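Student: Please take a close look at one part of this model, its strands and how they pair, and follow the pairing into whatever is packed against it.

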Amino acid sequence: MNLKGGCACKAVRYQLTADPLIVHACHCRDCQRITGSAFVLNMWIERRFVETGPTLPKSFKVKAGSGKPHEVFFCGKCATYVWSKYHAVPSDSLFVRAGTLDDPTAIKPDVHIYTRTKLPWLDLPKDVPAFRTFYKIKDVWPVERQERLRRNTSA
Ligand SMILES: [Zn+2]
Ligand SMILES: [Zn+2]
């Protein structure tokens, strides 16, 4: 995969030079509020695999459910949210908004999280794992993805 995307005004552009580790559909209240929608699609990927153009997004911090900062990055011109960094997550990872991809059909959620605040009219597919809050990585991720995260955390 060679996923590319960016904000609405095209000032912020990015390219993912590896597949995402995992794709989350997050139904938590923060994600609903920040996106103005029912849930967000986040591609979890190591920072080193997110190549950016000359214009970097701006950011602000909110307090995540973990109590640690959740830093939200957005285009300084058009304010499109492009990715997040969760300071509770060990490793230098970003959570890139899949809705900003040039071709969002390229990915689909691997797991649904924080479904305790999922909107009641939304029915989730039966064949995709779903959790009321978060999950344990070792229960959900393929072993090679766990090893990739470990490798990039210790490097
Ligand atoms: Zn923009
Ligand atoms: Zn969320």
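**Strand pairing and the core**

Tutor: In E8, glutamate 71 has lysine 85 as its bridge partner. That pair belongs to the ladder between E7 and strand E8 (residues 81–86), which run antiparallel and are joined by 5 bridges. The model is a predicted one, and what follows describes that prediction.

E7 and E8 form a hairpin with 6 residues between the two strands, and alanine 79 in the turn has a positive phi of about 70°. On its other side, strand E7 (residues 69–74) is joined to strand E6 (residues 58–63) by 6 bridges, again in the antiparallel sense. Here lysine 63 stands opposite proline 69 in E7. The hairpin of E6 and E7 has 5 residues between the strands, and glycine 67 takes a positive phi near 95°.

These two hairpins are part of an open sheet of 7 strands, in the order E6-E7-E8-E9-E4-E3-E10, with mixed pairing. E6 and strand E10 (111–113) are the edges; each has a single partner strand, so one side of each is left without a neighbour in the sheet. On average, neighbouring strands of this sheet are turned by 30° against each other, direction ignored. At the E10 end, strand E3 (residues 22–26) and E10 run parallel and are joined by 3 bridges. Histidine 24 stands opposite valine 111 in E10.

A second open sheet has 3 strands in the order E1-E2-E5, with antiparallel pairing. Its edge strands are strand E1 (3–6) and strand E5 (50–52), each of which pairs on one side only. The twist from one strand to the next averages 25°. E2 and E5 pair over 3 bridges in the antiparallel sense, and the bridge partner of leucine 16 in E5 is valine 50.

Next, the packing. The largest nonpolar core has 30 residues, and those with the most contacts inside it are Cys26, Ile45, Val82 and Val96. The elements that give two or more residues to this core are strand E2 (13–16), E3, strand E4 (40–46), E7, E8 and strand E9 (93–97). E4 gives the most, with 5 residues. As a general point, nonpolar side chains tend to be buried together in soluble globular proteins.

Valine 96 is a useful place to see who meets whom. Leaving aside its neighbours within four places in sequence, valine 96 is in contact with Leu16, Asn42, Met43, Ile45, Val50, Val82 and Trp83. Two of these contacts, Leu16 and Val50, have appeared already: leucine 16 has valine 50 as its bridge partner in E5. Two others, Ile45 and Val82, are among the core residues with the most contacts inside it.

For contrast, consider a loop residue. Serine 91 lies in the loop between E8 and E9. Serine 91 is partly exposed because 15 other C-beta atoms lie within 10 Å, a count between the 12 or fewer of an exposed residue and the 20 or more of a buried one. Not counting residues up to four places away in sequence, serine 91 touches Glu46, Leu149, Asn152 and Thr153. Of these, glutamate 46 is 45 residues apart from serine 91 along the chain, yet their C-alpha atoms are separated by 7.6 Å.

Conventions:
Residues numbered from 1 in each chain as written. Chains lettered and ligands numbered in written order. Predicted model: local features only at pLDDT ≥ 70, side-chain atom pairs only at ≥ 80, totals over all residues. Pairing = 2+ DSSP bridges. Helix = DSSP H or I, 4+ residues; strand = E, 2+ residues; numbered from the N terminus. Axes fitted to C-alpha atoms, helices over the stretch in contact; angles between N-to-C directions. Core = buried A, V, L, I, M, F, W, Y, C linked by C-beta atoms within 7 Å. Contact = placed C-beta atoms within 7 Å.
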